[in-house]
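Dear colleague,

Please find below the structure that I am handing over to you. I would be grateful if you could look through it before reading my notes.

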Amino acid sequence: MRFRSPLPANQMIVLSSRVRYARNLEGFPFPTRLTTTQAKQILSTVSGAFKGIDSHTRCALRGSSDSFEAQAFLAEHQISHEFQDSPLQDATAYFTFGNQHLSAMVNEEDHIRLQSIRDGLALTQCLDDIRIADKALADILPYATSPKWGYLTACPTNSGTGFRASLMVHLGALTITQNYKVAMMRALEDLDLNCRGYFGEVPSDCEPFLGPVYQISNRKASGETEEQVIQRITQIANDLTKRELDCRLRLLNTREGRATLRAHTLRHLALAVNQEQYDERDSALDHLLNLYLPAELGLLKDITFKDLRQLATQSEKDRFLRFGECSAPPCSGEALTIQEFFDKRHYRRGALSEKVLLS
């Protein structure tokens, strides 16, 4: 059976790339030690610098952790849990720029977190995005640096270049057929890389791993150039892509593999379709992420991989409303809930077998 996804092979595995620079200003404590007055002064200074390098700069979010907009940016991986939960609320902000891939958080763990996010395996392009912006900002802002330690950051592991590169990877077949999460985490630790779940670093009361989706990133920001970090992570991504695609072929080309894949698909499909019965905060998203693989392989009637990715993000926004965690309604009336999505495609309880195109 041929893969039916229109995506390139590496983009079926590597869902997105993200790079960021952590920067702080001279003369101010790190955000955990800032007074509200100091934090607002930093925000004003940095905001002016952003507008100075890009006339299209926009403050897309100012504090307001309980707003729907904040929860939506979190669901889209644009802001972090730490930013959302910051005690500095009115002195934090999220900015976007003319370059649609580029954005920045102010007064998160560091004064500035400049980041670029792109689809697929695109770490080099992301680095180009933030380097241009960082160089322009360095001409305006007094960055805190040390001849010995490089760029100074709140977390010592970020000192040096302040650079972090990460990939979000989908290893559906390897996760189904092997206990690959544990083995991969150990292997990556040996390579001085981090392996985290769908939302990266999360509070202790959140499930760290959801579905077969993982984030891989460098652990330290010293001892290597940005290019060396990217080369190392890209090699890992290429190896994981080969292993995952080989494993998918084995699933499709053996009777036992097809039975395993069909059982996996029906289980998570049934739970996703009937997700309103489950009160666990992350259950719906977990089932949707576990359906990525059958969608990529073209095994779900009338459902594409792109459909599920959009639905997974929307489900997180819906979840915040459902559990009473935000004060504003969704911005768009066109987005479907999970139930509406499956109802529209006639996925009904007790009649799901015919929707799975695999015998």
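The notes below cover the sheet, the nonpolar cores and the cysteines.

Please bear in mind that this is a predicted model.

The sheet is open and has 8 strands, in the order β2-β3-β4-β5-β1-β8-β10-β9, with antiparallel pairing. At its edges stand β2 (58-62) and β9 (193-196); each has a single partner strand, so one side of each lacks a neighbour in the sheet. From one strand to the next, the twist averages 20°. Within the sheet, β3 (residues 93-96) and β4 (residues 102-106) run antiparallel and are joined by 4 bridges. Y94 has M105 in β4 as its bridge partner. Helix α7 (residues 180-190) packs on the sheet, where it touches β9 and β10 (213-218), and its direction makes about 155° with that of β9.

Turning to the interior, the largest nonpolar core comprises 89 residues. Those with the most contacts inside this core are F50, L114, L171, Y198, L269, L308 and F342. Helix α8 (residues 226-253) supplies the largest share of the core, 10 residues. A second core, separate from this one, has 9 residues, including A60, L61, A70 and F73.

L171 may serve as an example of the packing. Apart from neighbours within four places in sequence, L171 is in contact with I13, Y180, M184, P212, Y214, L240 and E244.

Finally, the structure holds 0 disulfides. As for individual cysteines, C126 counts as buried because its relative accessibility is 0%, whereas C59, at 37%, counts as partly exposed.

Yours sincerely

Note on methods: Residues are numbered from 1 along each chain as its sequence is written. This is a predicted model: local features need pLDDT of at least 70, side-chain atom pairs count only at pLDDT 80 or more; totals for chains, interfaces and linings use all residues. Side-chain values use heavy atoms; hydrogens and water are left out. A nonpolar core is a set of buried Ala, Val, Leu, Ile, Met, Phe, Trp, Tyr and Cys residues joined through side-chain atoms within 4.5 Å. Buried means under 20% relative accessible area, exposed over 50%, partly exposed in between (1.4 Å probe, protein chains only). Helices (H or I, at least four residues) and strands (E, at least two) are DSSP runs, numbered from the N terminus. Contact means heavy atoms within 4.5 Å. A disulfide is a pair of cysteine sulfur atoms within 2.5 Å. Two strands pair if DSSP finds at least two bridges between them. Axes are lines fitted to C-alpha atoms, for helices over the stretch in contact, and angles run from 0 to 180 degrees between N-to-C directions.
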